[in-house]
Amino acid sequence: MSYHVDQNGYYGNFGGAFIPEMLYPNVEELRTNYLQIMNDPSFKKDFDQLLKDYVGRPTPLYFAKRLSEKYGTRIYFKREDLNHTGAHKVNNTIGQILLARKLGKKRIIAETGAGQHGVATATVCALMGMQCVVYMGEIDIARQAPNVARMKMLGAEVRPALSGSRTLKDATNEAIRDWINNPLDTHYIIGSAIGPHPYPDMVTRFQSVISEEIRKQLLEKEGRDYPDHVVACIGGGSNAAGSYYHFLDDTRVNIIAVEAAGKGIDSGESAATSALGREGIIHGCKTLLMQTDDGQITEPYSISAGLDYPGVGPMHAHLYASKRGEFISVTDDDAMNAGLELTRLEGIIPAIETAHALAVPQQRPFKKDEVVVINLSGRGDKDLNTYIDHFNL
Amino acid sequence: MNNRIHAKLREQKKVLSIYFTAGYPKLEDTTRIIRELQSSGVDMIEIGLPFSDPLADGPTIQDSSTKALHNGMTTEKLFEQLEDIREDVDIPLIIMGYFNPMLQYGVEAFCKRCAAIGIDGLIIPDLPVEVYEASYKDIFETYGLANIFLITPQTSEARVRKIDATSEGFIYMVSSASVTGAKSTFGNAQEEYFDRIAALNLETPRIVGFGISNAETFNTATKKADGAIIGSAFIKHLTHHGVEKIKDFIAAIR
């Protein structure tokens, strides 16, 4: 079975491009050009150079000794939190803005949940001198204030999404509407492995530098170029897609996807799409989706703005349906506790999104000699207020 | 295929089509609005099946959809409301909605129910022509439903011709690059686009939508097309003046 996108833009039954005709020219322009541009040696050179000199790659693969001792296994962290702007998101925004420039676009739009993708987009727009508009749910603007301030300082305009649940789903709707209204000069930098084909594949390829580095680094540290388990949190699933990419066809590697259970899967306040979703269409692709019997998209809930999304990327839907991936869901409380635990044991304050992946060793035992790589997708500076409130620090 | 849409477009008059969101302003207003529109002289009606995430719509239709869902509108409810509509309504009726609710209902079951009620066509903005041809065209044809595709000023000539070849009923010409309800006047760019498409001598009739709000924009849009659709402006009128004043709105258009 293939876990990669096929010629028609599908991963198994999932994916495709279910877009209004207004978006067809833009999406088609991307579809016909993205692989050619990405494989162009001069593009690769610019991309790699910026990842190295500007983003600070390669990020370390860090053996977490104290945490490993506590859980009786061998845990490594892929330190995406050490990237410039504080998360993995910048890998993709560097790639997409270079691609947008090749396509002659002048204006960039983006959606953001936690604000990490918005900041990463605003950053590369500042770097390239391009106009930047970021759509962000009104609720998220309130709970991720530091990132809103950073985007503004970087020169981006942050437009609140006021419809629906006023979170990531609605910010994405507004960004798509903006793109419909500005079809000629604008490129939409989607931050997650979602959206119409070719977005899930394009974002995954830009993020695949994560698993490419993990392979090399594990070979140095463990004498083998694969882990037994690779673990990542999933909202739309871009950090997960990048962490899994080079291991998709390597069945020695168990793929673990961690979703946000919110207040519990059966609480009615959750974002655990694989447990609660059915096949449906959201933001231009067919995937697993939380929805009513009638096909209306449900308002998700998670304490973490970046996981507060009612769908998953189509690659992940396929990993779930084909049983290639092991899907686990983690509640708000367990994630927060895991975040604090990492802080106290290893001196790293993780983003609350990432903290969901960190709760896995408590929920699911690993063997003593197994190598577990957890993608530490982002740092927790933006979440300090939430941590402080939660723990009365 | 030959249904009420085809017959209407053979009448050689400029078709006035009205879009409204089913279940708005009140859940049970659907059939009353349809009957008022018919008696006001409207030629064709698009019944909006509300969706939680209408990507191609501006704030007016978004709000009406949110309220309709809040009022309790569902796919099944809409079909129940329309059950007897053909007893006294004979103008073409089209259901316009996003694909996910139809997919969840079951595309074949949805089409079958539409045919039983006497629906003539569907407009599904997020079902692209390629997916339709590969997976659903046979079903639509079995039930005699015209699937109506959109084109925009950015649609290439080759693609317009492909859509023309696949279309039944009419082609929905989106007047400008925008979501619904965004523009209130037409400029040179729109008129040039209307002329350009008219010059292609397509087989399928063309009806213009998006940005039609009054007699002036209706007349401009229909100079080189077979009709025009009014959506957001009509919903605003419903919001401010209620179902009772529908005739006033239509009388002001022509």
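**The A–B interface and the domain contact within chain A**

Putting chain B and chain A together buries about 2600 Å², with carbon and sulfur atoms giving 56% of that area. On the chain B side, the residues that lose the most area to chain A are B:Asp53, B:Leu55 and B:Gln104, which together make up 24% of what that side buries. The model is a predicted one, and everything described here is computed from it. In terms of plain contacts, 35 residues of chain B touch 32 residues of chain A.

The polar side of this interface comes next. Two salt bridges turn up across the interface of chain B and chain A. A:Lys169 makes a salt bridge with B:Asp53, and their closest N and O atoms sit 2.8 Å apart. B:Asp53 is also among the three chain B residues that lose the most area to chain A. Between chain B and chain A there are 18 residue pairs in polar contact, counting pairs with both residues at pLDDT 80 or more. As for secondary structure, at least two residues each come from α3 (59-71), α5 (99-105), α7 (129-142), β6 (150-151) and α8 (157-166) of chain B. Of these, α5(B) gives the most to the side that touches chain A, namely five residues. By residue type, that side of chain B splits into 20 nonpolar, ten polar and five charged residues.

Chain A has an internal contact of its own. The chain is divided into domain 1 (10-50 + 89-202) and domain 2 (57-87 + 208-391), and the C-alpha centres of the two domains of chain A are 22 Å apart. Their contact draws 39 residues from domain 1 of chain A and 42 residues from domain 2 of chain A. About 3100 Å² is buried between these two domains, 61% of it on carbon and sulfur atoms. In domain 1 of chain A, the residues losing the most area to domain 2 are A:Phe14, A:Arg143 and A:Lys169, together 21% of what that side buries. A:Lys169 thus appears in this list and also in the salt bridge to B:Asp53.

Between domain 1 and domain 2 of chain A, the count is one salt bridge. A:Arg143 and A:Asp308 meet in a salt bridge, at 2.8 Å from N to O. The two domains of chain A also share 15 residue pairs in polar contact, both residues being at pLDDT 80 or more. Elements of domain 1 that each supply at least two residues to the side touching domain 2 include β2 (14-15), α6 (138-143) and α8 (168-181) of chain A. The most comes from α8(A), with five residues. That side of domain 1 of chain A divides into 16 nonpolar, 18 polar and five charged residues.

Technical notes:
Residues are numbered from 1 along each chain as its sequence is written. Chains are lettered from A and ligands numbered from 1 in the order in which they are written. This is a predicted model: local features need pLDDT of at least 70, side-chain atom pairs count only at pLDDT 80 or more; totals for chains, interfaces and linings use all residues. Side-chain values use heavy atoms; hydrogens and water are left out. Contact means heavy atoms within 4.5 Å. Buried area is the accessible area (1.4 Å probe) that two parts lose on being put together, summed over both. A salt bridge is a side-chain nitrogen of Lys or Arg within 4 Å of a carboxyl oxygen of Asp or Glu. A polar contact is a pair of N or O atoms within 3.5 Å; within protein, one must be able to donate a hydrogen and the other to accept it, and residues adjacent in sequence count only if both atoms are side-chain atoms. Helices (H or I, at least four residues) and strands (E, at least two) are DSSP runs, numbered from the N terminus. Ala, Val, Leu, Ile, Met, Phe, Trp, Tyr, Cys and Pro count as nonpolar, Asp, Glu, Lys and Arg as charged, and the others, Gly among them, as polar. Domain bounds come from an automatic or database domain assignment.
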